Amino acid sequence: MDGVDATVRGSVRTSSAAPPSLLTIILDTNPLSWSHLSSSLPLSAVLKTLLIFVNAHLAINHANQVAVLASHVDNVAWLYPTPDDGDASKQSSQTNGHTEVADEHRVVSNKYRPFLTIEKNISKNLRNLLTSDIPSAEALKSPPLLAGALSIALAYANLQLLKADPMTSDSASTGTGAVGAADLDAHTSALRTARSGHQFVSRILIVSVSQADLSSQYIGLMNSVFAAQRLNIPLDVLRIGERTAFLQQASDATSGVYLTYDPPNSTANGTNGAATASFSSATAGLLQTLMQGYFSDVAARKLLVMPGSAEVDFRAACFCHGKIVDLGGVCSVCLSIFCLPLEFTSCPTCQSPLRVPKSVTTKPVAFARRKKKKRKIGDGGRDSAAGTPVPN
Amino acid sequence: MVKAVKGILVQCDESIKAIIEKIDKENGNTFILEALDDENLLISSGKINELKARLKSVLTDTVKEHEEPESNSDNNEMR
Amino acid sequence: MSLSSAVLDYLQAQPGVTFKRLYLQPPTVLAVLRRMLPHLAKNIIMAMLFMPEPFLEEDLLTWIRAEARPQRDEAMTVLEQLHILTLVPEPPTPRAYRLNTAFASSLRQALMGGGSTNSFGVPADKDAPGPKRTVEELDKWARKQWEAILYYMVGSAEREYSREGNISSGTRKLLEMGEFIIMRGGRADITKGGFTFLLQEANAQVWTLLIVYLENSESVSSIHTKSKVIENQSKDIEQLQMDPVEMLSFLFMLGSLELGQDYNTESLTKTQFHMLEDLHDFGIVYHPPDARGRFYPTRLATTLTSSDASLLSNPNSSLSMNSGKGSIILETNHRIYTYTSSPLQIAVLALFANLNSCYPNLVSGKLTKKSIQRAVEKGITADQIIDYLRTHAHPQMLKNQPVLPPTVVDQIRLWQIEGDRMEATPGFLLKQFVNANEYRETAQYAENLGVLVWRNDREHMFFVTRIEQLQQYLAKRKTQAPRR
Amino acid sequence: MSDSDNEYIEDHSSGDDHNLNVGGSGRAQRQKGSGRNATSKPGTRARWERALRDTNNEPNVVADDSRLAENISRRAEAQKRARIRKDTKPFQRGIIRHMVLVLDVSEMMLEKDMRPNRYRVMLRYLEEYILEFFEQNPISQITVLMMYDGRCIQLSELSGNPNDHINAIQKLRDGDGKDELPKEPKGSPSLQNALEMSRAMLYHTPKHGTREVLIILGALLTNDPGDIHKTIASCVKDKLRVSIIGIFARMKICTEIVSRTNGGDESGYGVATDDVDLRDLLMASTSPPAMRATEQEDAAANLLVMGFPSRTEEEHPSLCACHGELTRGGYICPRCKTKVCSLPQTCPSCQLTLILSTHLARSYHHLFPLRNWLEVSWDRVREMRTTQCKGCLKKFPGIPTEDDGADKMDGSSESSRYECPSCHHHFCVDCDVFCHQTLYNCPGCQSGPPAQVPASNGETTGDPMALDGAS
């Protein structure tokens with residue numbers, strides 16, 4: 001009779017049945033930044049690479065989903081799925097799609113249909129986006145609306161998560177009083193996603209090129225990062241160009257992958273394999289980076305050693321100048337971060353008068369002597385103006 | 001040299017093993033290939049159904065099961 | 001699980017040449033990737049797909065976490081068995097893995113487009129004559145055909161549902177060959193395998209039947225033609241040799257087609273065209289009698305290459321064969337309620353439950369010792385019953401964790417093993433190891449593969465369910481041993 | 001930063017005392033936002049009475065079956081939204097909190113009116129509570145006390161590490177192997193002892209932080225050695241803010257303690273009627289409390305100097321300054337270059353507060369709350385012509401051809417759309433809940449200019465975003 005084992009009944013499916021997964025790509029489409037890269041890594045090539053990546057993601061599981069967002073200069077646009085244009089144009093696009101299919105008879109027969117649909121949608125929407133409005137030169141220098149794109153991506157992922165989870169969608173429709181409502185509590189929603197992690201997983205890949213700094217979107221960005229953390233969604237960042245501290249923090253906080261990719265000069269060595277001969281070496285490298293570094297979803301990441309460095313830049317941006325600081329003043333009321341020395345007497349964010357510890361503003365001799373002793377521990381020559389915040 | 005023997009592993013408790021051994025003895029040792037330990041036996045491949053049938057008949061003969069009313073005592077009896 | 005492993009078993013039995021030819025078709029590669037590989041293996045393939053050099057074994061090992069060893073072994077074994085990965089053991093260079101070239105180039109082609117193989121189906125001309133079929137019509141057709149097969153099988157167990165005549169004699173023969181039914185004096189009797197079949201999900205059923213179809217391709221073709229001969233009056237089909245590779249490719253291609261779209265039959269080979277008739281009988285494709293130049297894949301076809309998880313999570317994409325899918329409520333007092341009016345599902349339930357009342361949309365009953373043991377005697381296992389109940393559980397039940405009441409699950413198992421005081425596992429006993437080391441490592445390997453059933457460390461022997469990989473392993477060990 | 005986050009436009013006429021809901025059943029406002037307007041004298045009505053009234057006043061109307069599904073979904077929406085409708089006025093809040101958590105471990109906690117008993121239920125929720133507390137208030141500190149057999153015993157030191165407290169609570173639950181901790185609740189509680197001890201605990205805490213006491217009290221008595229009123233007076237003097245969560249019934253003395261230490265506001269005294277309620281009350285206290293005008297003067301903002309160290313990895317292990325263990329990586333204090341192995345903490349060498357900027361950022365949503373979104377009428381929909389949610393692209397129901405006079409249900413929108421008052425984009429109810437409970441951002445405001453009323457001729461270009469107005 002000992003054949004019956006309690007452990008058996010829990011295991012519903014074997015480990016090889018991976019959960020469906022949603023991949024959301026946020027593509028930075030600032031035309032200015034891409035034009036800088038046009039010689040080594042043009043946007044069109046990156047797009048082509050991303051499409052292969054997307055196809056590969058869709059190929060491994062029938063239920064896998066994709067969403068692509070463009071964080072453009074002054075707005076955030078959906079590249080896939082295409083939002084409705086209202087009734088009239090929706091109909092036209094439908095008929096449009098049909099005739100196109102008939103036209104491209106030969107192409108269709110050589111490509112998996114879902115891939116084709118997505119590719120068409122993305123390139124059409126991107127074309128529309130890039131040709132529709134030419135932003136002003138000033139706007140071009142502004143940072144991409146990453147916080148907005150992340151917010152939308154998370155809202156979308158959240159909906160897919162709700163859809164995939166029969167428990168919540170059901171409790172929503174029946175609305176069973178107090179207990180049902182308690183399920184909707186923010187905290188349980190986090191727990192719920194952790195528990196339903198095996199039913200649906202999601203991740204977000206940010207392809208970032210712009211140099212502009214993101215400190216103006218700091219709060220929005222951070223809120224998005226915490227939301228992603230709660231939903232158990234890793235934020236992967238593929239940075240083309242220099243490092244950015246915030247994106248690295250974001251991916252670290254959500255245990256995502258952060259890699260920088262430096263496009264080699266187009267004249268560089270010809271290591272292209274036979275398969276990638278049609279690509280420049282830059283795109284081939286990019287493709288390989290995507291396929292090896294970013295391909296695995298949350299389920300697979302448990303099994304793999306993910307790339308990334310343990311060294312993370314955790315410095316913050318000050319609210320007064322947007323400067324990156326590693327030592328700063330913090331308002332005790334509103335937690336705004338300021339760079340030192342302080343230039344004002346009341347907090348610019350919350351208007352409360354700031355009582356600044358004397359050690360910050362003045363340089364008392366007596367303290368300085370004590371400091372000297374301490375310096376031996378550290379490496380010495382640093383700015384000693386900042387004093388210890390002695391509570392009370 | 002490693003040796004592989006094709007057969008059927010039978011896992012049972014000791015009392016059943018004793019019965020199986022008895023059946024085996026009565027039938028000219030055609031069932032058991034090897035007695036592995038107290039609870040495991042290796043049986044020759046084609047014989048398992050016959051063995052099962054014989055075991056069942058032995059058990060129904062020896063074990064008197066206490067009749068249960070079908071309607072409302074579904075799981076209490078077995079525990 | 002049963003379905004992908006069924007296909008996997010079939011494929012693994014094929015010779016290497018077959019794979020070479022199979023992998024020339026991008027849809028096949030896509031389907032193999034999607035359907036038959038463990039998740040980790042998919043990731044490995046994708047990482048290697050665009051890698052210019054072979055993947056060093058050492059790098060691969062560091063890439064996969066040490067804790068994930070069992071998954072790694074599983075993935076690598078499957079990849080090697082399907083001839084997707086090969087080890088390149090050139091002595092001067094470090095050992096490295098290489099993707100099968102045909103596989104890799106087909107997969108790249110599938111992902112990047114291009115080529116001119118017409119492998120994803122040629123849509124029929126828009127202006128072709130004949131009426132178009134809507135998705136609803138196709139669903140109706142598929143359901144009608146498939147349920148006819150199921151009815152036939154259930155009907156053979158329960159007289160009152162018997163509805164022969166609806167399915168072609170070819171299909172009937174096929175069921176017999178698959179040992180789902182046994183003909184006894186002109187009457188069909190359902191077998192143990194048949195019950196297993198009935199209790200599976202629709203998608204698994206389709207694959208199980210198709211595998212039987214593939215395995216018996218030669219004989220099926222002749223049987224089918226015999227029945228067709230009268231209708232078609234054509235003799236030349238009789239000589240047709242069904243090529244399993246072409247058949248498989250066709251099935252995989254069907255899985256990548258779009259529902260509601262009609263496709264041209266011109267690009268099909270003779271074998272494939274011939275298969276169309278059989279698949280039409282199963283309800284997998286619809287081949288309009290008034291327009292022979294076209295065919296429509298039904299939902300049964302387009303979901304061939306989707307996995308169980310996706311079918312569960314996306315109810316729209318699955319064709320619920322039993323109209324009341326997800327309708328069973330099982331209570332801790334063993335009572336069972338099912339919202340259904342489908343005689344098929346009622347018949348299936350009646351196999352293992354004691355049904356006592358029937359309302360227009362609800363049947364209720366009870367799982368009793370008698371009913372379960374009756375089912376067990378017929379050859380249905382407790383696990384099958386439990387699986388069936390779980391996959392068809394009502395959404396309200398799915399809220400529970402675990403889905404089914406544990407007491408009932410345990411009780412069903414207990415009832416099954418009650419008459420059955422021993423557990424039999426066919427397989428192989430390995431013994432007489434040269435030394436403790438060899439024993440330990442081999443046993444460990446077997447355990448990682450998941451084939452180890454029993455081991456006795458003192459006597460240095462263990463029992464496994466399958467031996468092929470172990471043989472390879474031991475052979476490999478032998479060749480490596482001198483080097484160590 | 002977009003406008004919905006940091007600006008607040010006063011749009012309530014009720015003025016500043018808005019968050020102080022005077023009255024008995026305390027957190028009614030939080031619990032049932034919809035009940036607020038309907039009842040004539042909101043707080044004084046007991047919960048059971050209200051429930052009775054609700055059922056009695058429901059008119060017996062024969063429902064139109066065709067609208068049943070719609071009404072059910074409307075009700076579900078209202079329920080979801082009821083949980084997010086809290087005040088979004090950006091009060092100054094006590095972000096740096098010092099909290100004494102006092103547990104009742106008296107024999108009254110053995111009552112079995114919660115399953116398995118009150119004590120176990122309380123311990124179960126506490127772990128969750130502590131994690132949530134530090135999630136919401138990463139730079140705050142807690143200490144846990146228990147009232148046991150007339151005494152007050154400290155279970156964990158004042159610290160900012162959640163694991164310290166969770167371990168203490170687990171020890172209390174499972175026993176610590178030794179006989180130091182009681183296995184079962186015993187005796188009666190003493191509020192006076194608890195308050196005195198809390199006072200002592202919080203005496204040294206800096207002024208810029210809050211001094212809070214949260215008492216979970218199951219008993220309906222307090223067994224004090226002296227005059228509790230004197231203790232209350234000294235608590236008021238020391239600026240302690242006491243909140244109490246009672247179980248099943250109210251006590252006069254608790255009302256007095258809470259009211260006097262909170263400047264006359266009794267809303268800090270909540271009574272749990274079941275275990276879900278207990279949990280809700282606990283979780284409600286994880287949000288930082290609003291500061292009052294009087295406290296604000298005393299606790300003028302201090303400028304705290306903090307370091308934001310970056311994580312490094314070393315080739316060779318070295319000793320960390322905090323535990324003296326060999327580690328391969330850690331955080332380097334930006335001022336003195338000492339290595340510590342975890343954050344947040346105080347640099348062992350130069351006493352600088354070391355913190356991750358993300359810790360600070362976690363509290364921002366309390367300070368810059370997202371404004372509530374408005375229900376959208378069909379007229380407004382006709383004007384804006386939105387067809388899908390700005391966040392998740394969910395399709396909205398279409399505009400009905402004629403006004404069908406659907407029943408208005410409080411708390412949900414007739415058009416299933418919700419509009420952000422800043423950017424005028426429309427969202428679905430799921431995004432509404434998600435954005436206000438988890439994200440704290442408005443996806444519309446963050447991603448471009450506010451939505452415009454579309455051009456009246458209805459001709460749109462091929463730009464897919466045109467109707468969303470974002471272009």
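This passage walks through a predicted model, moving from chain D to the cores, a sheet in chain C and the confidence of chain B.

Because the model is predicted, local features need pLDDT (the predictor's confidence in each residue, from 0 to 100) of at least 70 and side-chain atom pairs count only at pLDDT 80 or more, while totals for chains, interfaces and linings use all residues. Residues are numbered from 1 along each chain as its sequence is written, with chains lettered from A and ligands numbered from 1 in the order in which they are written.

Chain D comes first. Its secondary structure adds up to 17 helices and 15 strands; here helices (H or I, at least four residues) and strands (E, at least two) are DSSP runs, numbered from the N terminus. Of its 471 residues, 47% count as buried. A residue is buried if 20 or more other C-beta atoms lie within 10 Å of its own, exposed if 12 or fewer, and partly exposed in between, with C-beta atoms placed from the backbone. Contacts (C-beta atoms, placed from the backbone, within 7 Å) often reach along the chain: among those between residues at least 6 apart in sequence, 65% join residues at least 24 apart.

Val144(D) offers a close-up. This residue sits in strand β2 of chain D, which covers residues 141-148. Val144(D) counts as buried because it has 24 C-beta neighbours inside 10 Å. Leaving out residues up to four places away in sequence, Val144(D) touches Leu101(D), Leu103(D), Leu155(D), Ser156(D), His165(D), Ala168(D) and Ile169(D). The C-alpha atoms of Val144(D) and Leu158(D) are 7.8 Å apart, with the two positions 14 residues apart along the chain.

Further along chain D, an open, antiparallel sheet has three strands in the order β13-β14-β15. Its edge strands, β13 (374-375) and β15 (426-427), each pair on one side only. Two strands pair if DSSP finds at least two bridges between them, and two bridges join β14 (residues 418-419) to β15(D). In this pairing, Glu419(D) stands opposite His426(D). Then there is helix α16 (residues 429-439) of chain D: 11 of its 11 residues are buried, so this helix is largely enclosed by the rest of the structure. Among the buried residues of α16(D) are Asp430(D), Phe434(D), His436(D) and Leu439(D). Just after the helix, Tyr440(D) takes a positive phi of about 60°.

One stretch of chain D also carries a label from a record. An unreviewed UniProt entry lists residues 333-350 as "zinc finger region: C4-type"; UniProt positions are given in the numbering used here, feature names are shortened, and annotations may be inferred rather than shown by experiment. Over this stretch the chain is 0% helix and 22% strand, and the end C-alpha atoms are 9 Å apart.

Next up are the cores. A nonpolar core is a set of buried Ala, Val, Leu, Ile, Met, Phe, Trp, Tyr and Cys residues joined through C-beta atoms within 7 Å. The largest one has 263 residues, of which Ile26(A), Leu69(A), Ala153(A), Leu221(A), Met291(A) and Met153(C) touch the most other members. Helix α8 (residues 146-164) of chain A gives the most to this core, with 13 residues. A second, separate core of 57 residues includes Val102(D), Cys152(D), Val213(D) and Leu240(D).

Chain C holds an open sheet of four strands, antiparallel and ordered β9-β10-β12-β11. At its edges stand β9 (328-330) and β11 (354-359), each with a single partner strand, so one side of each has no neighbour in the sheet. Five bridges join β11(C) to the antiparallel strand β12 (residues 362-366), and a hairpin connects these two strands through two residues. Leu355(C) has Gly365(C) as its bridge partner, while Tyr359(C) stands opposite Leu362(C). Of the six residues of β11(C), zero are buried, so this strand lies largely in the open.

Finally, how sure is the predictor about chain B? Its mean pLDDT is 75, and 78% of its residues reach 70 or more. Over residues 67-79 of chain B the pLDDT is below 50, and this stretch has 11 contacts in the model beyond near neighbours in sequence.

Note on methods
Contact = placed C-beta atoms within 7 Å.
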